[in-house]
Amino acid sequence: MQDQSKVLLGIKIGEEKTTFSGLSTGKTDIFSPSEKFFRNGKIEQKTLLFDGLRYLFQGALDGELQSVILWMVMHNFHMPVGCKIALTSIGFLSMIFAPISQQLANRSRWNNMQFSALYFALMGLAFFCAAFATSWVTFFIFIALARIFNKQQIPLVIGVYENNYSKVNRGFKSGVALACMPIGGIIFSQLASHFLDKSSNHLSYILFLASFLALCCALCFLKIPASKTVAEKYPPLWDNFKFIGKDHLFGAILFFYSFIAIANQMTLPLRIEYLANHKNLSLSSGTIVALFALVQPLANILSGPLWGKLYDRVSLITMRQCVTICFLIGIPLFFATDNLTMIYLASALLGIGASGGVIFWSLWVIGIAPRDKTSEYMSANVAIMGLRDALAPILGYYLLYYTSPFTVGVISFLLLVISVVGFEYISRQPAYGERISEILK
């Protein structure tokens, strides 16, 4: 009989074998307590370093680059309106297939970080090819591929956070790494502005820069220590979807979480339009840019580590409610005032809420899912997120067309109130307390 105890490297556990790459760790549990502490500390430090660098590079690819791509679509290519909308939504829609791509990654001999590196290498290649596009068709194809590759790695990272960070500081270290993301966005926006101010012909250089940043992300992923469990039998490719209906607690959280996501996402594209067309404000382009490219990112950067500390010290639901309060105050304040100071305050609150929301979204599955199923649960979470984030802006514009920005803000507020009540209800259910106790064992 094989030894059934938990081991670290290359030892069979029942039908599975676990390997570890990215850091030399020895053979089995032969370390003294001090050696274990030192080894685990080195893994945490290496994970934080390269995850932070990865977010620094990825911040440009996830945020500011989208504005540049839309600029290229409008000024360089006569792309049909339907294709413009599809280009904006295709990345989110591709997240529906995350549970399947995660199962495919499980079947590979590569670990999750190696697979993540592959996705970003392919994304870099797509950006590089897009720089040479001479028609909107080829440009659409390569940018669509880049957006699809960008989203498929999301469920692969959560296992690293669970395995490489200790419970006592997992939120803080994740928050520090995530705070690097808006920094990368700010730096990239400055570089992009420099290129565009000189000549619109320099747009291809921006795509070359995006290709380079994607390859840097790929190299960072390869440096992050990651374990790999190889099983002799695997479930069907679509098996991860079953957790949404089978695990009622997981499904309930996803349901009420969707109200928050829709409330926030459907107002995002309306905020710029609201300020630009507001009769009583008459804001300059520089002021509007400062709100969205400076105030919110700075609030995001400064609050990230603090949200991480809070995550480590309070319950899952308490963390979620604190984040939602920022949106409950920020969204109606943004759409209901003519005072520029209050709009700045609302923007800062929305930036703070966005920071806490990203940290919560990145880690909450760890507090609910069985330890050996976190990536599978996260892939189902990603699929639901992709669906709602693709549909929410469309819903927002539809409501705006028939109502007003103020009405959209009121509807968003009501959705947030429903989510607060729903999460409070979940927190009082015995199943929630039992699951938390089981996970903490």
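**Exercise 1. Determine which ring lies under the charged end of lysine 309, and at what distance from its centre.**

Solution. The charged end of lysine 309 is placed over the ring of phenylalanine 172, 4.7 Å from the ring centre. The criterion is that NZ of Lys or CZ of Arg lies within 6 Å of the ring centre and within 35 degrees of the ring normal. Arginine 54 provides a further case: its charged end sits over the ring of tyrosine 55, 3.9 Å from the centre.

The model is predicted: local features need pLDDT of at least 70, side-chain atom pairs count only at pLDDT 80 or more, and totals for chains, interfaces and linings use all residues. Residues are numbered from 1 along each chain as its sequence is written, and side-chain values use heavy atoms, with hydrogens and water left out.

**Exercise 2. Describe the surroundings of isoleucine 368 and classify the residue as buried or exposed.**

Solution. Step one is location: isoleucine 368 belongs to the loop between helix H14 (340-363) and helix H15 (374-402). Helices are DSSP runs of H or I with at least four residues, and strands are E runs of at least two, numbered from the N terminus.

Step two is accessibility. Isoleucine 368 counts as buried because its relative accessibility is 0%. Buried means under 20% relative accessible area, exposed over 50%, and partly exposed in between (1.4 Å probe, protein chains only).

Step three is contact, defined as heavy atoms within 4.5 Å. Leaving aside residues up to four places away in sequence, isoleucine 368 touches Leu249, Phe250, Ile253, Leu316, Arg435 and Ile439.

**Exercise 3. Establish what kind of aromatic pair phenylalanine 250 and tyrosine 377 form.**

Solution. Rings of Phe, Tyr and Trp (its six-membered ring) pair if their centres lie within 6.5 Å; planes under 30 degrees apart are stacked, over 60 edge-to-face, and the rest tilted. This rule yields 19 aromatic pairs. For phenylalanine 250 and tyrosine 377, the centres are 4.8 Å apart and the planes meet at 70°, an edge-to-face pair. The pair links distant parts of the chain, 127 residues apart: phenylalanine 250 is in helix H10 (residues 248-265) and tyrosine 377 in helix H15. Both phenylalanine 250 and tyrosine 377 are buried. Ring pairs also connect them with Phe243, Tyr257, Phe360 and Trp364 in a cluster.

**Exercise 4. State where leucine 215 lies and classify its accessibility.**

Solution. Leucine 215 is part of helix H8 (residues 203-223). The residue counts as partly exposed because its relative accessibility is 39%. Its C-alpha atom is 5.4 Å from that of alanine 121, although 94 residues separate the two along the chain.
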